[in-house]
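Work through the short exercises below. Each task is followed by a stepwise solution.

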Amino acid sequence: MTFREATAEQVGGAAVLVGSTRQGRGGLRKQLRLLPVYILLALGGTFALVPFIWMLSTSLKSQAQLFVFPPEWIPDPVLWSNYAEAWNALPFSAMLMNTIFVTALAMFGELASASLVAYGFARFHFPFRNALFVLMLSTMMLPWVVTLIPSFIIWRVLGQINTYDPLTVGSLFAWGPFYIFLLRQFFQTVSREIEEAAIVDGANSMQVFWHVMLPLVKPVLLAVAVLSFQGNWNNFRGALIYLQQPLERFTMPLGLQFFQASLSNEAPRWHYMMAMSGLMALPIIVLFFLAQRQFIEGIQLGGVKG
Amino acid sequence: MPQQLQWYASTLSHYVGAAVAIVALMWLTNRGLRRLGLRGDAAMGLALVVPWLLGFLIWNAGPIVASLYFSFTDYNVLQAPKVVGLANYEKLISGDPNFWPSVRLTMAYSALTVPIGLVGSVAAAIMLNQGVKGIGLWRTLYYLPAILPAFVTALLWRLMFLPTRGGLVNSATEPIWSLFSDKPPGWFLDRDMLLWGFVIMSFWGVFGANTVIVLAGLKNIPRDLYEAASVDGAGVLARVRHITLPQLSPTLFYLIVMGIIAAVQVFDQPLFIQLPPGSPTFLNVYLYQQGFTLFQMGYASAIAWFMFVIILVLTLAVFRSSTAWVYYESEAKR
């Protein structure tokens, strides 16, 4: 089996999907029979979509329009200026820079370490390999609260509370077992012959890894990159525990929490909060539309191959 | 700005330092093991897993032991921990009026969200698998909520569930609630209702991602199974019961285990939603308050271990039961 065939089978999505929809299109009568299904699906879709529209709508309202009854979907006037006002209410530009910095380092660390470790588990025979692999998988089930306090104390002893170290340096130690698992599954599908051909040509293990293995698993690597970006961009928990004032040190998620706490005391300024929530989610939404397949494959693989 | 650059430079230097140290250690492992006479293959493999092995020891194994120890101490971070025996656990079991209500809330939340989310996403995935047109579009639409950060989801649903008549959910459901009372439902501000608010919100958040996973599982079911069943005259329900669900069981198993782990540990959402005064909160938030607001790290560690045991027991129960209901192709063939 060549590598391409293997991935198509593993992903189970794209290739099979096309085939089955083609079979399913049995003409107009079949589609009519599916009418109740379409209605139910549309109801589900509405449920998924309405909150997004409400977020956008609220973000464009004035304070006075927030609580009118019945609710207005298209505010009049449309206040685009809310976005600028909300942005300037706190040092969000600095927070954005911090978030980009943290996300970039953590993402690189996760990708580099997870793919090396996965390569080790997939391709080499060493003592206790299977036991270590099971141990690694079982850490996926370890609640983060159990290790939270000692980890906090380690960073405190190292004098790195209120720095970006806890949010980034740990990524170099392959802290994402799920990513290792996904990548290992895919390294295993690469045909040995390709690898051996490279070794005959005089390549060492690391050259094989870099020039042969990584390019071949690029689709999964992308899926992992997308999930990793999402996880680090949204990392609220880490920021909450490790970062403190001044506000310029916050990342966006923590800034948003501060923002909502400071805005919700008297008259909650929901229009500003929704504007900021939308801006915070925007990169992820854009990335999602650019890399849908990677997002969806990334989470599917865990469920189907697991 | 210059101040920020300083912060970045400091972290960057530690980051690069750690990276260099890890690579050096990998290199040494490879060299050292080879010198000790290990096969080249084995030495290289062990060297490659060094980053994870180090991470495991520093961030998992060490902390597990440490947090177990802290749970038997009185520790406020500033002074050295003082061993107090079982006092934290005694407090947790009988001395803390806020603890058990939090346990109850968290358990009720998990018991509701996991099955509701599962049934909803299986139903949606089965419908999507009927050969509907535009499947890519539906899939995208359903998956969309799952990409939002949890705290944005929380803020958004707080807004949707505003307890006034003008709140979106309340105004849409007015014909229903006005039958029973003239005051609109309070949702997150009503102690009896907030659980449902959280359940609906979590359903919205995970439903799409789970649907997509189940859909992939459905696509993996060999088509000839259905064809054989049709020939034998099996109806739709019989096919779902005897083919779809058994074939899907490994996927469902994965979703249940991951769902339980996530639900018991829910944190971001409740932290962004102000609960009414006097209401219990979710366990993880309670732990955070005890540890990082009140600096009772010992007591917080005891709560962490309590949660750990709960999750372990629940996952083990699912694993145990799985032999009865999870069907693995490879085993059947054997």
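**Exercise 1: Ile22(B)**

Ile22(B) touches Leu172(A), Phe173(A), Pro51(B) and Leu54(B), leaving out residues up to four places away in sequence; contact means heavy atoms within 4.5 Å. The model is predicted: local features need pLDDT of at least 70, side-chain atom pairs count only at pLDDT 80 or more, and totals for chains, interfaces and linings use all residues. Residues are numbered from 1 along each chain as its sequence is written, chains are lettered from A and ligands numbered from 1 in the order in which they are written, and side-chain values use heavy atoms, without hydrogens and water.

Task: place Ile22(B) and classify its accessibility.

Step 1. Ile22(B) lies in helix α1 of chain B, residues 2-35. Helices are DSSP runs (H or I, at least four residues), numbered from the N terminus.
Step 2. Its relative accessibility is 7%, so Ile22(B) counts as buried (under 20% relative accessible area, 1.4 Å probe, protein chains only).

**Exercise 2: Ser249(B)**

Task: find what surrounds Ser249(B) in helix α12 of chain B.

Step 1. Ser249(B) has 2% relative accessibility and therefore counts as buried.
Step 2. Its side chain reaches the backbone oxygen of Pro246(B) at 2.6 Å.
Step 3. Beyond neighbours within four places in sequence, Ser249(B) contacts Trp325(B), Val326(B) and Tyr327(B).

**Exercise 3: a helix pair**

Task: describe how α10(B) passes α12(B).

Step 1. The axes of α10 (residues 194-219) and α12 (residues 236-264), both of chain B, come within 9 Å and cross at roughly 140°.
Step 2. That makes α10(B) oblique to α12(B), as the angle is not under 35, over 145 or 65 to 115 degrees.

Key. Axes are lines fitted to C-alpha atoms, for helices over the stretch in contact, and angles run from 0 to 180 degrees between N-to-C directions. Helices (H or I, at least four residues) and strands (E, at least two) are DSSP runs, numbered from the N terminus. A crossing is left-handed if the near helix is turned anticlockwise from the far one by less than a right angle, and right-handed if clockwise. Buried means under 20% relative accessible area, exposed over 50%, partly exposed in between (1.4 Å probe, protein chains only). A polar contact is a pair of N or O atoms within 3.5 Å; within protein, one must be able to donate a hydrogen and the other to accept it, and residues adjacent in sequence count only if both atoms are side-chain atoms.
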